[in-house]
Amino acid sequence: MAQYSPQAASDIDSARPVPCPHSSPPRQSAGIAGRRSTAIVETDIPSRLDALPFGHFHLLVIVGLGVTWILDGLEVTLAGSLSGELMARSGLGLSNAQIGLAGSAYLSGAVFGAFLFGWLTDRLGRKKLFSITLAIYLFATAATGLSWNAWSFVLFRFLTGAGIGGEYTAINSTIQELIPARLRGWTDLAINGSFWLGAAMGAGASIVLLNPAFIDPELGWRLAFLIGATIGLIIVIIRLWIPESPRWLVTHGFAQTAEQVVRGIEAQFARLISPRAVTEGAGEGPWMRLRMRDHTPLREVARTLFATHRRRTLVGLSLMAAQAFFYNAIFFTYALVLTDFYGTRPEHVGWYILPFAAGNVLGPLLLGRLFDTIGRKTMIASTYALSAVLLAIVAYLFRMNLLSAPQLTMAWMIVFFFASAAASSAYLTISEIFPLELRALAIAFFYAIGTALGGVAGPLLFGMLINAGARSGIAVGYWIGAAMMVGAAAVEAVWGVAAERKPLETVSRPLALID
């Protein structure tokens, strides 16, 4: 386990900005002595983190924080796979419209949680917030299994979404800041692709818990929502050993705590780096001079997003909106398509989700390294464009009723092999192309806007199209998603950022950096 104490990284409330033992002592600007925002520190912490070999510490970060994607996949899949039972009298007797409303409530909660907790993450620290958001998720998902009518179900889905949305901002920023630059692309895509491990878990659980031979479905759907809570309780313990982001600490005036955390991490690699490097710092990269600050005003956040980096903002919005509509519109309503158009029994829906999930997991795993070697712009644009073409073809085949339920599932496996890598790259992009001081809030902004445009509207639109009962209408919805993906591919090809294998501070200059 880590050599550092978890307490050292969490006691920043009582800490004060002090000189970093491995850095030059802070200096006060004339006339403003005593203000933390004017203290200047010289540090090589970012280069030391990027210089580390991949090891157990990074696996701990990936498992402890990346599990959020598994939980989200679990929640989304359960909502879809259980929709048939939720509409039955033995469930809550929901209508198709109410199922769509619950899906939109989950995403709306995620938007709210992303904004609120993203803002707090940049102000109060990564570790505090990924602990709070996990607790909210645990409560809400367990409460969902106790729902007594449509409105209580919708409310608890909203709260579950709020916890997951907040998790995304806190954990994505932390992962980016702890994983070495040369591995950031593949690692991030693999973590994002783990969403579909959760989807497979949800599908498998629905097969068992909705089978009357094993358990009464009236009780089974309620137990299904306890799966996420059980996983979350285990992750609470793992996260005790994940430190605060040293990059966040040194920028916000806690240079000494940041140094302690980094030395503790480096100590875990003592067999791979020299004892002197463990004592004095393993990195040999450039030093940075930072003017420490306790927070970044929202006015400066807005100026950075809409003036300094307005093209990057357009890229982020395009990628997030397109993938959100593409994914949520199709996946949130896939169970309804199977039951309404192919007569699939609700307890059998999980069997169709499993191969669907397999394609989504394999895409980021097998294509992820290409995002670090061939490069971000080429791979992001090509996966978006190819996903659009394949979706348009499947939409036509569906409209003409040329696909059986198994054939449609195989078609989705192929489409989402590429689309999963594309969607994962959207999260990778927005979490690395903006300055550290507003990283979590930037993730929240793009996640929220993209989800609102593509995710909330998508399930509502497709829910109404399915109710109308016409294949042609659903095909038009698919074509809309394909058009959005083509547009996002074009924006990335023109204005995307070549961030592969580069330190975060090189990809986007910190606001606190002093030349």
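# Briefing on a predicted, mainly helical-element model

Asn-211 sits in the loop that links helix H9 (195-209) to helix H10 (217-224). This is a predicted model, and its protein chain carries 24 helices and three strands. Of the 515 residues in the chain, 62% count as buried, and among contacts between residues at least 6 apart in sequence, 84% join residues at least 24 apart.

**Confidence**

- The average pLDDT of the protein chain is 81, and 86% of the residues score at least 70.
- Residues 1-37 stay under 50 in pLDDT, although the model gives this stretch 93 contacts beyond four places in sequence.
- Residues 276-283 also have a pLDDT below 50, and the model shows 21 contacts for this stretch beyond near neighbours in sequence.
- Where pLDDT is low, the predicted coordinates should not be read in detail.

**The loop residue Asn-211**

- With a relative accessible area of 25%, Asn-211 is partly exposed, because this class lies between the buried limit of 20% and the exposed limit of 50%.
- Asn-211 and His-348 are 137 residues apart along the chain, while their C-alpha atoms are separated by 8.8 Å.

**The nonpolar core**

- The largest nonpolar core has 151 residues, and those with the most contacts inside it are Trp-196, Tyr-342, Tyr-384, Leu-408, Trp-412, Phe-416 and Tyr-478.
- Helix H21 (residues 405-430) supplies the largest share of this core, namely 15 residues.
- Tyr-384, one of the residues with the most contacts inside the core, touches partners beyond four places in sequence that include Leu-319, Ala-322, Gln-323, Ala-422, Ala-426, Met-485 and Ala-489.

**Helix H21 and the loop after it**

- The 26 residues of H21 should span 38 Å at 1.5 Å a residue, and the end C-alpha atoms are 36 Å apart, which agrees.
- H21 bends by about 35° at Phe-416, and the helix is mostly covered, with 20 of its 26 residues buried.
- Thr-409 lies in H21 and counts as buried because its relative accessibility is 2%; beyond its neighbours within four places in sequence, Thr-409 is in contact with Tyr-334, Tyr-352, Pro-355 and Phe-356.
- Ser-431 is placed in the loop between H21 and helix H22 (439-468), and at 0% relative accessibility Ser-431 counts as buried.
- Apart from its neighbours within four places in sequence, Ser-431 is in contact with Gln-176, Asp-188, Arg-439 and Ile-443.
- Ser-431 and Ser-173 stand 6.3 Å apart in space, C-alpha to C-alpha, despite being 258 residues apart in sequence.

**Helix H13**

- For the 13 residues of helix H13 (residues 255-267), 1.5 Å a residue predicts a span of 18 Å, and the end C-alpha atoms are indeed 18 Å apart.
- Buried residues of H13 include Ala-255, Thr-257, Ala-258, Val-261, Val-262 and Ile-265, and also Glu-259 and Glu-266.

**Strands S2 and S3**

- Strand S2 (residues 40-43) and S3 pair in the antiparallel sense over four bridges, and Thr-43 stands opposite Met-288 in S3.
- In a regular strand the side chains alternate between the two faces of the sheet.
- Strand S3 (residues 288-291) shows such alternation, with Met-288 and Leu-290 buried and pointing to one face, whereas Arg-289 and Arg-291 point to the other face and are not buried.

Definitions and conventions:
Residues numbered from 1 in each chain as written. Predicted model: local features only at pLDDT ≥ 70, side-chain atom pairs only at ≥ 80, totals over all residues. Heavy atoms only, no water. pLDDT = per-residue confidence, 0-100. Contact = heavy atoms within 4.5 Å. Core = buried A, V, L, I, M, F, W, Y, C linked by side-chain atoms within 4.5 Å. Buried < 20%, exposed > 50% of the residue type's maximum accessible area, 1.4 Å probe, protein only. Helix = DSSP H or I, 4+ residues; strand = E, 2+ residues; numbered from the N terminus. Expected span 1.5 Å × (residues − 1). Bend = angle between axes of the 7 residues up to and from the residue. Pairing = 2+ DSSP bridges.
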